[in-house]
Amino acid sequence: MKKYYLCGPTVYNYPHIGNLRPTVTFDLLIRAQKHLGQEIFYLNNITDIDDKIIKKAMEENTTEAAIAKKYEDYYLSLFDSFNLIKPTQIVRVTDSLNDIYQYIQKMLDSNAAYQVGGNVFFDVQQFRDVYGKISNQRIENLVAEEDTALDLKKKNKADFTLWKDTNLGIKFESPFGLGRPGWHTECSCFIAKYFNGETIDLHGGGIDLIFPHHENENIQHYAIYKKPITKNWMHFGTLNYKNQKMSKSIGNLIFPHDFLKKYDVDTYKLLMLTTNYSKPINLTDELLQSIQSIINKFQLISNKNQLNETNVEPNTQKINEVIFEVANLNFAGAYKEIIQLSKKEADIPTFLAIMNILGFIFPSKKINKKDKNLYLEWKNLVENKNYKKADLLRDILKEKKLI
């Protein structure tokens with residue numbers, strides 16, 4: 001069984017469509033690999049306590065739990081609205097505090113970490129030969145993202161917090177004192193627990209997580225188990241909008257619920273297939289409309305296939321060839337094949353089977369009896385050369401993507 005981990009959201013706001021790229025790409029990958037017979041344990045976390053959540057709760061005069069619940073519910077709803085396979089296990093930080101305490105204690109016991117007052121820090125200098133390998137940087141150039149007050153208490157500036165003594169926001173009682181866990185500890189802790197300290201097969205996350213998050217995850221795992229946390233990293237490129245990174249400060253965020261007002265779910269998924277997962281995608285309205293027009297054509301192809309009641313069997317060998325490309329992350333190659341298959345009438349059943357396997361929604365949309373009868377009526381009018389009445393139905397059928 002393959003062991004996969006994807007860094008989940010910090011639930012303090014709606015994710016934007018750039019944040020969805022890892023989740024949707026994992027969906028394509030896992031669907032393809034499962035079709036080819038691979039068993040996969042897919043673990044995903046939810047960070048439901050963090051400085052950003054605390055700040056949001058203070059701004060809205062509510063609790064951290066209320067903020068986390070609101071945005072966690074939204075995140076989980078996306079698995080249904082975007083037709084995504086749910087992870088094998090989703091784990092929250094606040095449900096796993098005892099696991100985190102034990103995990104930190106292991107690092108203290110092995111002298112990989114040290115405590116100063118109510119803070120626990122990881123001692124990076126002890127692992128000079130390993131730390132920096134994920135981000136390909138020298139330790140001298142790496143400075144952890146901490147506040148000045150904590151920096152003054154650390155042995156080295158690059159040391160990062162495993163447990164944080166804080167006066168701001170919610171606090172938890174721990175063996176180290178009142179406080180809350182450091183962000184970098186949760187993912188490696190969950191991987192250690194659910195995969196028994198083994199090196200997993202694949203670890204995914206945004207490209208912005210390489211340092212410090214993934215670097216710090218890896219070194220904690222290495223400190224306890226003397227081996228890397230994963231065999232393979234999957235770092236996803238950003239989705240920019242009109243040549244600018246999506247950010248709250250610029251005000252160019254596109255949220256999933258707004259995206260779905262203009263475009264289909266399948267439009268987003270097809271967009272993911274157009275390029276390598278690690279490359280940035282520069283979104284424009286023209287690009288999205290272009291992808292949407294392709295999906296519209298695909299829906300028309302599917303509908304025509306149903307109306308014509310085609311009984312041609314799909315080509316199993318070709319299906320597996322294309323799915324193999326997706327399973328091995330050759331998205332561009334698979335996309336090219338998909339487009340070619342959609343153009344030939346004899347290949348339509350194969351094309352539809354592939355898209356169904358990959359979780360696209362359009363192949364599963366069934367034409368209702370009323371619309372089918374409308375199509376048959378139009379066809380009959382055309383055959384009888386009653387073009388005036390046929391033209392009246394034609395616009396309706398075109399809108400319904402039936403002709």
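**Rings and helix contacts in a predicted model**

Let me begin with a single contact, in which Lys 155 lies over the face of the ring of Tyr 114, at 4.6 Å from the ring centre. I should say at once that what we are looking at is a predicted model. There is a second contact of this kind, where the charged end of Lys 269 sits over the ring of Phe 360, 6.0 Å from its centre.

From charges over rings, let us turn to rings beside rings. A pair of aromatic rings is described by the distance of the centres and the angle of the planes. How many aromatic pairs does a search of the whole structure find? The search gives 24 of them, and I will take you through two.

In one, the ring centres of Tyr 101 and Phe 176 are 6.3 Å apart and the planes stand at 80°, which is over the 60 degrees required, so we call this pair edge-to-face. Because Tyr 101 belongs to helix α4, residues 97-109, while Phe 176 lies in the loop between β6 (160-164) and β7 (180-181), the pair ties together parts that are 75 residues apart in sequence. Are these two residues buried or exposed? Both Tyr 101 and Phe 176 are buried.

In the other, Phe 122 and Phe 160 form a stacked pair, with 5.1 Å from centre to centre and 10° between the planes. Here too distant parts of the chain are linked, since Phe 122 is in strand β5 (residues 119-122) and Phe 160 is in strand β6, 38 residues apart. Phe 122 and Phe 160 are both buried.

Rings can also gather into a group, and Tyr 4, Phe 26, Tyr 42, Phe 236 and Tyr 277 form one aromatic cluster.

Now to the helices. Helix α4, which we met through Tyr 101, packs with helix α6 (residues 183-194) at an angle of about 95°, with the axes 10 Å apart, and the two are therefore roughly perpendicular to each other. On the α4 side, Asp 99, Ile 100, Tyr 103 and Ile 104 meet Thr 185, Ser 188, Cys 189, Ala 192 and Lys 193 of α6. The residues of this contact divide into 5 nonpolar, 2 polar and 2 charged.

Finally, helix α2 (residues 51-59) packs with helix α3 (residues 64-81) at about 110°, the axes being 8 Å apart, and these helices are therefore roughly perpendicular to each other. Ile 53, Ile 54, Lys 56 and Ala 57 in α2 meet Glu 64, Ile 67 and Tyr 71 in α3, and this contact has 5 nonpolar residues, no polar ones and 2 charged.

Technical notes:
Residues are numbered from 1 along each chain as its sequence is written. This is a predicted model: local features need pLDDT of at least 70, side-chain atom pairs count only at pLDDT 80 or more; totals for chains, interfaces and linings use all residues. Side-chain values use heavy atoms; hydrogens and water are left out. Rings of Phe, Tyr and Trp (its six-membered ring) pair if their centres lie within 6.5 Å; planes under 30 degrees apart count as stacked, over 60 as edge-to-face and the rest as tilted. Helices (H or I, at least four residues) and strands (E, at least two) are DSSP runs, numbered from the N terminus. Buried means under 20% relative accessible area, exposed over 50%, partly exposed in between (1.4 Å probe, protein chains only). A charge sits over a ring if NZ of Lys or CZ of Arg is within 6 Å of the ring centre and within 35 degrees of the ring normal. Axes are lines fitted to C-alpha atoms, for helices over the stretch in contact, and angles run from 0 to 180 degrees between N-to-C directions. Angles under 35 degrees count as roughly parallel, over 145 as roughly antiparallel, 65 to 115 as roughly perpendicular and the rest as oblique. Contact means heavy atoms within 4.5 Å. Ala, Val, Leu, Ile, Met, Phe, Trp, Tyr, Cys and Pro count as nonpolar, Asp, Glu, Lys and Arg as charged, and the others, Gly among them, as polar.
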